[in-house]
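Student: I would like a close look at one part of this chain. Please take one helix and its surroundings, and connect them to the whole.

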Amino acid sequence: MRTLAISLAYLIYDLMCCLFDNHFSVDNSVHHLVSIVGIGAGLAYQWCGSEMVAALWITEISSPFLHARELLKENGYKDTDLNLAADIAFAVIFSLARMVGGPYLAYVTLSAENPLLIKAMALGLQLVSAFWFYKIARMVRYKLFKRTTGTAKLA
């Protein structure tokens, strides 16, 4: 429960940072809100602690690769082989975690005797993951198509 409480505090903080950022993102805000309500429900009911910690691992395991992509772009390595490798690593890890591990965890949560709010948040988080999976698949397709046209640079 302590892990969930700390994660909940961080998600609230991160949502506030995102809201005051120059680039507001509806999908990112929905992700934060679903996670905040879900973790809050788990803390209120004192249920599903292990499932929610597993969900945190599944949803955040690709974050270092997401951040690596952004750091490479900010440091002038956009459209390089190194950036493409970071993009693909992020996409593969995200896809495996959220589209293999995520549905399994959602199934376990939905099939157990859990409160309706917790089940709804598990389903909501999986739907958000599916939406992002679609966007990431499009990004990878674009990046690979862009490379075949010869516009990429070597790192």
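Tutor: What follows starts at helix 4 and works outward.

This is a predicted model. Helix 4 covers residues 63–74. Begin with its length. Twelve residues at 1.5 Å each should span 16 Å, and the end C-alpha atoms are 17 Å apart, so expectation and model agree.

Now look at what is hidden. Ser63, Arg69 and Leu72 of helix 4 are buried. Which helices are among those that cover the buried residues of helix 4? Helix 3 (49–60), helix 5 (81–111) and helix 6 (116–148) are included in that cover.

Arg69 gives a concrete link to helix 6. Its partner is Met139, which is found in helix 6. Setting aside neighbours within four places in sequence, Met139 is in contact with Arg69 and Asp87. Is Met139 buried or exposed? Its relative accessible area is 16%, and buried means under 20%, so Met139 counts as buried. Compare Met139 with Leu8. These two are 131 residues apart in sequence, and their C-alpha atoms are 30 Å apart in space.

Next, follow the chain out of helix 4. Just after the helix, Gly76 takes a positive phi of about 85°. Further on comes Asp79, in the loop between helix 4 and helix 5. Asp79 is not a glycine, yet its phi is positive, about 65°. How is Asp79 placed with respect to the surface, buried, exposed or partly exposed? Its relative accessible area is 22%, and the partly exposed class runs from 20% to 50%, so Asp79 is partly exposed.

There is another such residue on the other side. Gln46 has a phi near 60°, again positive in a residue other than glycine. Gln46 sits in the loop between helix 2 (26–45) and helix 3. With a relative accessible area of 51%, Gln46 is exposed, because the cut-off for exposed is over 50%.

Now step back to the whole chain. There are six helices and zero strands. From the N terminus the order of elements reads α-α-α-α-α-α. The C-alpha atoms fill a box of roughly 55 × 30 × 25 Å along the principal axes. Of the 155 residues, 39% count as buried. Take the contacts between residues at least 6 apart in sequence: 77% of them join residues at least 24 apart. The pair of Met139 and Arg69, described above, is a contact in this chain.

The surface comes next. The accessible surface of the chain is about 9400 Å², and 69% of it belongs to carbon and sulfur atoms. As for charge, there are 13 positive and 11 negative charges, and their mean positions are 7 Å apart.

Last, the record. An unreviewed UniProt entry annotates residues 1–145 as "domain: TLC". Over that span the chain is 85% helix and 0% strand, with end C-alpha atoms 45 Å apart. The unreviewed entry also carries the annotation "signal peptide" for residues 1–17. In the model, residues 1–17 are 94% helix and 0% strand, and their end C-alpha atoms lie 24 Å apart.

To return to the starting point: helix 4 has buried Ser63, Arg69 and Leu72, and helix 3, helix 5 and helix 6 are among what covers its buried residues.

Terms used
Residues are numbered from 1 along each chain as its sequence is written. This is a predicted model: local features need pLDDT of at least 70, side-chain atom pairs count only at pLDDT 80 or more; totals for chains, interfaces and linings use all residues. Side-chain values use heavy atoms; hydrogens and water are left out. Helices (H or I, at least four residues) and strands (E, at least two) are DSSP runs, numbered from the N terminus. Buried means under 20% relative accessible area, exposed over 50%, partly exposed in between (1.4 Å probe, protein chains only). Contact means heavy atoms within 4.5 Å. Accessible areas come from the Shrake-Rupley method with a 1.4 Å probe; for residues, only the protein chains shown count as cover. Lys and Arg count as positive and Asp and Glu as negative; His and the chain ends are not counted. The place of a charge is taken as NZ of Lys, CZ of Arg, CG of Asp or CD of Glu. UniProt positions are given in the numbering used here, feature names are shortened, and annotations may be inferred rather than shown by experiment. The expected span of a helix is 1.5 Å times one less than its number of residues.
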